[in-house]
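Work through the following exercises with the structure open beside the text. Each task is followed by a solution in steps.

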Amino acid sequence: MKNQNSTLTTLPVTVTAVPPKTIVEVKGTLEGNITWDATKIYKLVGFVRVGEEATFGSITKTATLTIPAGTVVIGDRATKGGLVVQRGSKLIANGTASNPIIFTSERKVGEREAGDWAGIIICGKAPNNLPDNANDRQLEGGYGGFHGGTDAADNSGSLKYVRIEYAGVPINPNQEVNSLTMGSVGNGTTIDYVQASFGLDDSFEWFGGTVNCKHLVAYKGLDDDFDVDNGYSGYVQYGIGIRGTTQADQSGSNGFEVDNDANGSNNTPFTSAIFANMSIIAKGNAETSISTLFQNGAQLRRNNKLKIYNSFFTGYPYGIYIDSQRGNAKANAANGDIVLQNIVLAGVAGWGTNNWGTGAATNPRGVPVSDVEQTTAAPAILIGTQTPSDWFKAQTGNKILTDFSKTGISSTLWSTGRPTFTLTTGTAESLIGYNLPSTLPSFFDRTDYVSAFKDSDWTAGWTEFTPQSVVYIK
């Protein structure tokens, strides 16, 4: 047998350093057609306006800003930078599941916090129920976010596969910019696959408008997950709100907070949006303390006429609260204008004697459905001749469970990493088997389950649940 010799050959290798992305500062007002470059990072300094409207009704400049997939946009912390899309202008921000568009803090890993920048504000020409007075047609805080009109089909552009992180700033007491603020946005606009995480105020808020939305993720925001106001009448399907146990606002934090307007007036159009396949998640075990400022899975108040179908709530001290302290929400429920159908409320095993709170300072005691107003006097609520609890149980498909453990949801929903959202089956308390009413508008997929997910995870690829550890700027 012959000896076989091998010779090692050294090949030259050229290593080329990848240069850091150029940071482009953006200020002032944009006009015309602008397209950004995904190979650069854009920094919003102060309120950057897409178009210009000095006072309501005086649109002097319009613009279309196109942001390509994979672009990173950061907000200047010193000036609380934000992006305002004025009426008559458009934002086209279409990412992909594998290459989302990211709006985030300019700060380094480990330093980011809620309120590092302002957020995204979209203003449209669709109807709202504010007084027909130019001074009132401005988003709360008075920063020039004029909105409203008569065009229900108004088109403000498109947001798809977009993350919004560490946004939200207070303008005045109880008047804040949210992660995504929608002022009278019309249903010609696309809002689909949007995650708002670690925001200082609400994750998503609609002030009037008709825009339809799908696939929304509200993750560990400070105030409400989904805030609905001023005559919003659009449709939303597939949304999940997950809380951080210590993150709650001084005004009280809810999964849903819903008003016709601040005074509970009869101004039209009424807040009458339809939501379906929502998952509203707070605490997941009895031992975990939550802020005493946690309130309700859904606080339906101030003369609203909201409709919620095929949705799941767990971990709040109170599940549903028909709040009639201002504006007669209980009459709207009795008349069938507030609709809750195929709703599952689940407690947390061992969380007090009723699984809805211990009564201790760190865990306020609650109930699945509040039968009294949440005030010092705590007067009883009647919906017609029924208590809210009895009214809720009498609605089609509604169910109250002692705890969530047999519903098929995953305990990883309360982990610090990526949760498992899909459902398991095979239990009597499974969330599968509830058909969405066929009478709903064609916008809605005909699902057969309660919650935002069944066997497919639509968050895969584009969402991020630990953005504090992601390096955006090299």
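The exercises below concern a predicted model, and they go from the whole chain to single residues.

**Exercise 1. Overall dimensions**

Task: Decide whether the radius of gyration of the protein agrees or disagrees with that of a compact globule.

Solution.
- Step 1. Start with the chain length, which is 474 residues.
- Step 2. For a compact globule with 474 residues, a radius of gyration near 23 Å would be expected.
- Step 3. The protein has 24 Å, so the value agrees with the globule rule.
- Step 4. For the extent along the principal axes, the C-alpha atoms fill a box of roughly 90 × 75 × 45 Å.

**Exercise 2. Burial, contacts and surface**

Task: Find what percentage of the residues is buried, and describe the contacts and the surface.

Solution.
- Step 1. Of the 474 residues, 56% are buried.
- Step 2. Take the contacts with a sequence separation of 6 or more; 72% of them join residues 24 or more positions apart.
- Step 3. The accessible surface is about 18,300 Å², and carbon and sulfur atoms hold 49% of that area.
- Step 4. The protein has 36 positive and 43 negative charges, and the mean positions of the two sets lie 6 Å apart.

**Exercise 3. The strand order of an open sheet**

Task: Count the helices and strands, then give the order of the open sheet of 10 strands and name its edge strands.

Solution.
- Step 1. The protein contains two helices and 29 strands.
- Step 2. The open sheet is formed by 10 strands with parallel pairing, in the order 2-5-10-13-17-19-21-23-25-27.
- Step 3. Strand 2 (29–30) and strand 27 (318–323) are the edges, since each pairs on one side only.
- Step 4. At one of these edges, strand 27 is joined to strand 25 by five bridges, and the two run parallel. Within this pair, Q299 stands opposite Y321 of strand 27.

**Exercise 4. Two strands, two patterns**

Task: Compare the faces of strand 10 (residues 82–85) with those of strand 8 (residues 63–67).

Solution.
- Step 1. Recall that side chains in a regular strand alternate between the two faces of the sheet.
- Step 2. In strand 10, G82 and V84 lie on one side and L83 and V85 on the other; all of them are buried, so both faces are covered.
- Step 3. Look at the neighbours of strand 10. Strand 5 (residues 47–50) runs parallel to strand 10 and is joined to it by four bridges; V50 has V85 as its bridge partner. Strand 13 (residues 119–123) is also joined to strand 10 by four bridges, again in parallel, and L83 stands opposite I120.
- Step 4. In strand 8, A63, L65 and I67 point to one face and are buried, whereas T64 and T66 point to the other and are not.
- Step 5. Strand 8 has parallel partners as well. Four bridges join it to strand 3 (residues 32–35), where G32 stands opposite A63. Another four bridges pair strand 8 with strand 11 (residues 90–94), and T66 stands opposite I92 there.

**Exercise 5. Backbone details**

Task: Where do the cis peptide bond and the positive phi angles of R302 and S451 occur, and are R302 and S451 buried or exposed?

Solution.
- Step 1. The bond from T268 to P269 is cis, with omega near 0°. P269 belongs to the loop between strand 23 (256–258) and strand 24 (274–281).
- Step 2. R302 is not a glycine, yet its phi is positive at about 50°. R302 sits in the loop between strand 25 (296–301) and strand 26 (307–314).
- Step 3. The relative accessibility of R302 is 14%, so R302 counts as buried.
- Step 4. S451, also a residue other than glycine, has a phi near 110°. S451 is in the segment after strand 29 (399–401).
- Step 5. S451 has a relative accessibility of 3% and therefore counts as buried.

**Exercise 6. The surroundings of P419**

Task: Locate P419 and list the residues that P419 touches beyond four places away in sequence.

Solution.
- Step 1. P419 is in the segment after strand 29.
- Step 2. With a relative accessible area of 4%, P419 is buried.
- Step 3. Leaving out residues up to four places away in sequence, P419 touches T412, L413 and F465.
- Step 4. T459 is 40 residues from P419 in sequence, and their C-alpha atoms are 9.8 Å apart.

Key: Residues numbered from 1 in each chain as written. Predicted model: local features only at pLDDT ≥ 70, side-chain atom pairs only at ≥ 80, totals over all residues. Heavy atoms only, no water. Buried < 20%, exposed > 50% of the residue type's maximum accessible area, 1.4 Å probe, protein only. Pairing = 2+ DSSP bridges. Rg over C-alpha atoms; globule rule 2.2 N^0.38 Å. Contact = heavy atoms within 4.5 Å. Areas by Shrake-Rupley, 256 points an atom, 1.4 Å probe, with all protein chains shown as cover. Lys, Arg positive; Asp, Glu negative; His and termini not counted. Charge placed at Lys NZ, Arg CZ, Asp CG, Glu CD.
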